[in-house]
Amino acid sequence: MRVTTIFAVTLALLGCSPDATTDARENTAEERGLTAQVNPDAGPTAYVNGLWYTDSGNGIEFVAGERHANNGVFVAERPADATVIDLGGAFVVPPYGEAHNHSVDGPGTETAAAKYLAEGVFYYKNPNGIYSYTAPMLEFWARPDTLDVSFSYGGLSIDEGHPEALYRMLLGYGMYSGTDADNLDGNAFHDVGTLEQLDEKWDFILSTEPDFLKLYLLEYDTDESDGLTEDVFREVVRRAHTYGLRTAVHLETAQDLALAVDAGATEAAHLPAYDLEIAEDEARSRIPDGVIEKMAKQGFIVVATTNVSQGREYGAEDLKTVMDRQADNLGRMKAAGVPIAVGSDSFFQTAWNEIQSLKALDLFSDEELLQLWVETPALSIFPGRAIGALEVGYEASFLALDCDPMTDIACAIKIQQRVKSGQVLEVDGNEGAEGS
Ligand SMILES: [Zn+2]
């Protein structure tokens, strides 16, 4: 919706004649600072006989027609020597996003990535991984025919705060082979308990070239907190902004969220209160309307991760307590226009599970779920990229679906064909991942 709306506004301002529309659109992607990744291996192609996902600003429509691409980018004119691909009347949508999971990083995680591609997720964000484990794979993830992944590497917290404790446990399970337990600080997390420690470590944190920063608030306003203090948190967010780095914040409570919003962070890596103990406590779990209004005004993103609670194995009544809280908070965010992204944070599952968890909250129509999933990549994962729309100047990446995902969201993963950067993507289980 955002992209199309801005197109429309820009075109109106330019007073474009119909003939100039195409050029203006091409310029607009650039003017907006969006970059389409070019793929020199993708030749001129015409994709005919598709029903193309079109966001009118007033909802989604599928519009019959054709698209043309060259070098992996949609172009206005059909190239003279184009290879023609007949989409057979398929519903064509932009690829989806996973805005929070940790299952794709270093060697051995190609299988997890393949499952995502099979389900139509081309863009993935890992907010906390082990830098030394991930670094050897960065060239692989940068290829046009692999999952595109955005990494924060080590998150900023304090000694033995959430990331360190978690990675010690995972190393104990035999994960991340080759990683030494003594080599976690500065690698899987950064221990910044004080402003002095932040000064000492800041240059090193930047030297790992993270795509964004992950910050941990763990009930910062309580004595038991083992996350960042308010002072350090605010200073990190301030510095990150001066370097143009986005900040994703792990948070537990409504209070943590209020601080993240007030400090001007980019996004919440969770909806607060995914655990029962906090969800039961209205004072810590109900997000005040004033905070929600501020989120909407700032464009502060929430990555809902409602699927985390489904994995907790609560009894029916306890799960209902958590889901009711999620539905209340998320419902008011939706009504206020807070940008919501799809992220599962479920290691052995995928964003498709999160879509199903969101559906179970009964807040979103199938059309709205599709829109959330399609908009997640440009919103939360690769905000600078010309992705998420099937228009001239955008990357020629799309999914051809068997049936209409607006009337049945299960159609979103009934995928006949995947095209990424202008090339047909071959994945294991090419028929899709129905029933997973
Ligand atoms: Zn996580």
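In the predicted model, strand β2 (residues 60-70) is paired with β3 in the antiparallel sense through three bridges. Within this pairing, Ala69 is placed opposite Phe74 of β3. Both strands belong to an open sheet of seven strands, arranged in the order β3-β2-β1-β4-β15-β16-β17 and mixed in its pairing. The edges of the sheet are occupied by β3 (73-75) and β17; each has a single partner strand, so one side of each is left without a neighbour in the sheet.

Towards the β17 edge, strand β15 (residues 398-401) runs antiparallel to strand β16 (residues 415-420), and four bridges join the two. Ala400 stands opposite Gln417 of β16 in this arrangement. Strand β16 also pairs with strand β17 (residues 423-424), again in the antiparallel sense, over two bridges. Val419 has Val424 of β17 as its bridge partner. The two strands β16 and β17 form a hairpin with two residues between them, and Ser421 in the turn adopts a positive phi of about 50°.

The turn residue Ser421 is also among the contacts of Ala42, which touches Ala69, Asn71, Gly72, Ser421, Gly422 and Gln423 when residues up to four places away in sequence are not counted. Ala42 itself is located in the loop between α2 (18-31) and β1 (45-55). Ala42 is classed as buried because 21 other C-beta atoms lie within 10 Å, the threshold for this class being 20 or more. A separation of 28 Å is found between the C-alpha atoms of Ala42 and Ala351, which are 309 residues apart along the chain.

A second open sheet comprises three strands in the order β5-β6-β7, with parallel pairing. Its edges are formed by β5 (96-98) and β7 (148-151); each has a single partner strand, so one side of each is left without a neighbour in the sheet. On average, neighbouring strands of this sheet are turned by 15° against each other, direction ignored. Helix α16 packs on the sheet and touches β5, β6 and β7, its direction making about 55° with that of β5. Strand β6 (residues 121-126) is joined to β7 by four bridges in the parallel sense, and Lys125 has Ser150 of β7 as its bridge partner.

Helix α3 (residues 110-118) has Ala113, Lys115, Tyr116, Leu117 and Ala118 as its buried residues. The elements covering these buried residues include β5, β6 and β16. Just after α3, Gly120 takes a positive phi of about 90°.

The protein chain is divided into domain 1 (2-94 + 390-424) and domain 2 (96-381), and the C-alpha centres of the two domains lie 30 Å apart. Contact between them involves 22 residues of domain 1 and 17 residues of domain 2. On the domain 1 side, β16 gives the most, with three residues. By class, that side consists of 12 nonpolar, seven polar and three charged residues.

The largest nonpolar core contains 121 residues, of which Val92, Leu217 and Leu228 touch the most other members. Helix α16 (residues 366-381) makes the greatest contribution to this core, with eight residues. At least three residues of the core are drawn from each of domain 1 and domain 2. When residues up to four places away in sequence are left out, Val92 touches Gly50, Leu51, Trp52, Tyr53, Leu87, Leu390, Phe398 and Ala400. Among these contacts of Val92 is Ala400, the residue placed opposite Gln417.

Two further residues have a positive phi although neither is a glycine. Ala273, with a phi of about 70°, lies in the loop between β12 (267-268) and α10 (276-279). Ala273 counts as buried because it has 28 C-beta neighbours inside 10 Å. Glu313, with a phi of about 60°, is placed in the loop between α13 (307-310) and α14 (316-336). In contrast to Ala273, which is buried, Glu313 is exposed, with 7 other C-beta atoms within 10 Å.

Terms used: Residues numbered from 1 in each chain as written. Predicted model: local features only at pLDDT ≥ 70, side-chain atom pairs only at ≥ 80, totals over all residues. Core = buried A, V, L, I, M, F, W, Y, C linked by C-beta atoms within 7 Å. Buried ≥ 20, exposed ≤ 12 C-beta atoms within 10 Å, placed from the backbone. Domains from an automatic or database assignment. Contact = placed C-beta atoms within 7 Å. Pairing = 2+ DSSP bridges. Axes fitted to C-alpha atoms, helices over the stretch in contact; angles between N-to-C directions. Nonpolar A, V, L, I, M, F, W, Y, C, P; charged D, E, K, R; others polar.
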